[in-house]
Each structure stands twice: as structure tokens, then as C-alpha cells.
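Let us take a friendly walk through this structure together. Have the model in view and turn it as you read.

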Amino acid sequence: MKSHLSPVAQLMLLAAFCIGTIACNGVQERRMRGSTKVFDADGTFEKLMFDEPYTALDILDSALLSGTLPPYEADLYRARIYFNPLRQDNLALIYAKNAYNADSVRYSPARLASVLSILGNLSLLNGNYEDGIRYGTEGQAVSHQADDVLSEGEFIFLIGECMMRTGEIRSGIENMDRAVDIYLQSGMGQLTASVYGATHTVSRPQQNHEDDMRQVGKFILNDEEFASAALGSNERTSIQ
């Protein structure tokens, strides 16, 4: 079909089209840079994972499509988000195993410890205690090699919990005691946080704890009950 536009007009139209295309691509690029900028080491994305987990998942999708985030890193982030705060254990397990099998994760102690923690705790929650012990043992070795004392203590505690549930009561208690000793000696109590993101505090009124426990059918032991339950726990220690 023959154009009725003059050569000059055609050139102007082509220039306008090119400028518009470049502008649109520039906007899209800036938008993408803005969405992936949260991965900077300032804690922005870590906070977003808890505050707006579905937004965080959308950003991961965008980052993967743009090639600004490698698949193994996205799998690790997704495993963490689905494990906590979303508590979708099946999806957390899928992504955690994907990350676990990635070479870039296996050769990074920090990444490997993070994914082993998820796999170990999922095993504990799902009753797969032997797997929990296996992941915990590997995590302990990785953390020890990286000189990450607190992480090592967490894995030892996980091993103890799993052992307790397989009937290895004494070994389980010994591991849990070891983990508590590591924690107490670390001097890092102020950094403790629950799996739900609540920070550790020692200033909460006792009555508040008792009220919380009553709501779930539990209660705090009185002095006599505690003494009976703790009988013999100080054996082979210097505690009087």
C-alpha cells in the first residue's frame, strides 16, 4: 500500500516511533531496576519478606525474568518465604530441595546453612526425624567450619529435638543441653528471635506469659512441680 506521506513526514514519524520505543524501554528498565534494588544489602528485602510476602514473591519472579537474580538464589528466598511467614510447608520443601541441590549453594556455607535449617525444621515438623538428624548434622558441620557459633548451636538443638522423638532421650537431652550452653556463652541473647519474627525480651510481665499459655491449654510449673521435673538435671555439672 502506497503511503500518502511525504518523505520528510515519513522520516519524522519513524523518528517519533523510535523515540517512543526507547522511552518505553527506559521506563521498563527503570521499573525493573527499582524492583530488584531491594536485594541490596540494607535489609529491605528481608523486611519485605515478612511484611509483604506475596509482593516479595512477585519481585522474585520479575528478577528471574530479567536475569538479575540467579535461580538458586530465588529458590532459597522462596523456601524461606514459604516456610515462614506463609507456613506453606510443601512449597517450602520443594524450593529448599532445589536450592540444596544447586552447586552455588553447596559451596557457600551461609547459603547452605540457611537451606539446611529449613530442611531440618521441616523434617522435624513432618515427623521425619531421621532426616532431621541428617540435615542437622550436616548443618552443624557447615556452621562449625564457618565458625558460626550460634548457627551451630541451633543445629545441635535440632538434632536433640529429633533424637528425643526417636526415643534417644539421653542423647537428645545432651545435645539440647550443649546447644543451650553454646547460646549462653555466645552473649548474643539480645539477637534471639522466634520463627514468627518476634524479638526476644526478658522484661515481659509473668502474668502475660501465664495468660498466653492458658489460651492454648498450658500452664507454667510452680516451684514444686519444676523441682520435681528438673530432678537430676544438674548431674555432672557444677550447678548447686
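Which residues are buried in helix H2 (residues 44-51)? Before looking, keep in mind that this is a predicted model. In H2, the buried residues are Phe45, Leu48 and Met49. If you look down the axis of H2, these buried residues fall within an arc of 105°, so they line one face of the helix. The cover over them includes helix H3 (53-66) and H4.

With that helix as a starting point, step back to the whole chain. The secondary structure comes to 12 helices and zero strands. Read from the N terminus, the elements therefore run α-α-α-α-α-α-α-α-α-α-α-α. The chain has 240 residues, and 29% of them count as buried. Among contacts with a separation of 6 or more, 45% are between residues 24 or more positions apart.

Now go inside. In soluble globular proteins, nonpolar side chains tend to be buried together. Here the largest nonpolar core holds 40 residues, and the members that touch the most others are Phe45 and Val115. You have already met Phe45 as one of the buried residues of H2. At least two residues of this core come from each of H2, H3, H4, helix H5 (89-100), H7, H8 and helix H9 (149-165).

Val115 is a good place to pause. Leaving out residues up to four places away in sequence, Val115 touches Leu76, Ala96, Ala99, Tyr100 and Val105. Another residue to find is Ile118, which sits in helix H7. Ile118 has a relative accessible area of 4%, so it is buried. Apart from neighbours within four places in sequence, Ile118 is in contact with Ala79, Arg80, Phe83 and Ala96. Ala96 thus appears in the list for Ile118 and in the list for Val115. You can also trace the distance from Ile118 to Asp89, a residue 29 places away along the chain: their C-alpha atoms are separated by 9.7 Å.

Next, look for charged pairs. How many salt bridges does the count come to? The count is six, and three of these pairs make a useful tour. Start with Glu73 and Arg111, whose closest N and O atoms are 3.3 Å apart. Glu73 belongs to helix H4 (residues 71-83) and Arg111 to helix H7 (residues 109-125), so this salt bridge ties together parts that are 38 residues apart in sequence. Glu73 counts as buried because its relative accessibility is 16%, whereas Arg111, at 25%, counts as partly exposed.

The salt bridge between Glu138 and Arg106 has its closest N and O atoms 3.1 Å apart. This pair, too, links distant parts of the chain: Glu138 is in helix H8 (residues 129-145) and Arg106 in helix H6 (residues 103-106), 32 residues apart. Glu138 is buried at 18% relative accessibility, while Arg106 is partly exposed at 34%.

The salt bridge between Arg134 and Asp131 has an N to O distance of 3.3 Å. Both residues lie in helix H8, three residues apart, which is about one turn of the helix. Arg134 is partly exposed, with a relative accessible area of 42%, and Asp131 is partly exposed at 32% relative accessibility.

What of a buried charge that has no salt bridge? Glu152, in helix H9, is such a case: the nearest side chain of opposite charge, Arg178, is 4.4 Å away. A salt bridge needs the nitrogen and oxygen within 4 Å, so that distance falls outside the limit. The side chain of Glu152 does join that of His144 in a polar contact of 3.3 Å. Not counting residues up to four places away in sequence, Glu152 touches Gln140, Ser143, His144 and Arg178.

Finish the tour in two loops. Arg87 lies in the loop between H4 and H5, and it has a positive phi of about 60° although it is not a glycine. Its relative accessibility is 32%, so Arg87 counts as partly exposed. In the loop between H8 and H9 you will find Asp147, another residue other than glycine with a positive phi, near 60°. Asp147 is exposed, with a relative accessible area of 62%.

Definitions and conventions
Residues are numbered from 1 along each chain as its sequence is written. This is a predicted model: local features need pLDDT of at least 70, side-chain atom pairs count only at pLDDT 80 or more; totals for chains, interfaces and linings use all residues. Side-chain values use heavy atoms; hydrogens and water are left out. Helices (H or I, at least four residues) and strands (E, at least two) are DSSP runs, numbered from the N terminus. Buried means under 20% relative accessible area, exposed over 50%, partly exposed in between (1.4 Å probe, protein chains only). The arc is that of the directions from the helix axis to the C-beta atoms. Contact means heavy atoms within 4.5 Å. A nonpolar core is a set of buried Ala, Val, Leu, Ile, Met, Phe, Trp, Tyr and Cys residues joined through side-chain atoms within 4.5 Å. Lys and Arg count as positive and Asp and Glu as negative; His and the chain ends are not counted. A polar contact is a pair of N or O atoms within 3.5 Å; within protein, one must be able to donate a hydrogen and the other to accept it, and residues adjacent in sequence count only if both atoms are side-chain atoms.
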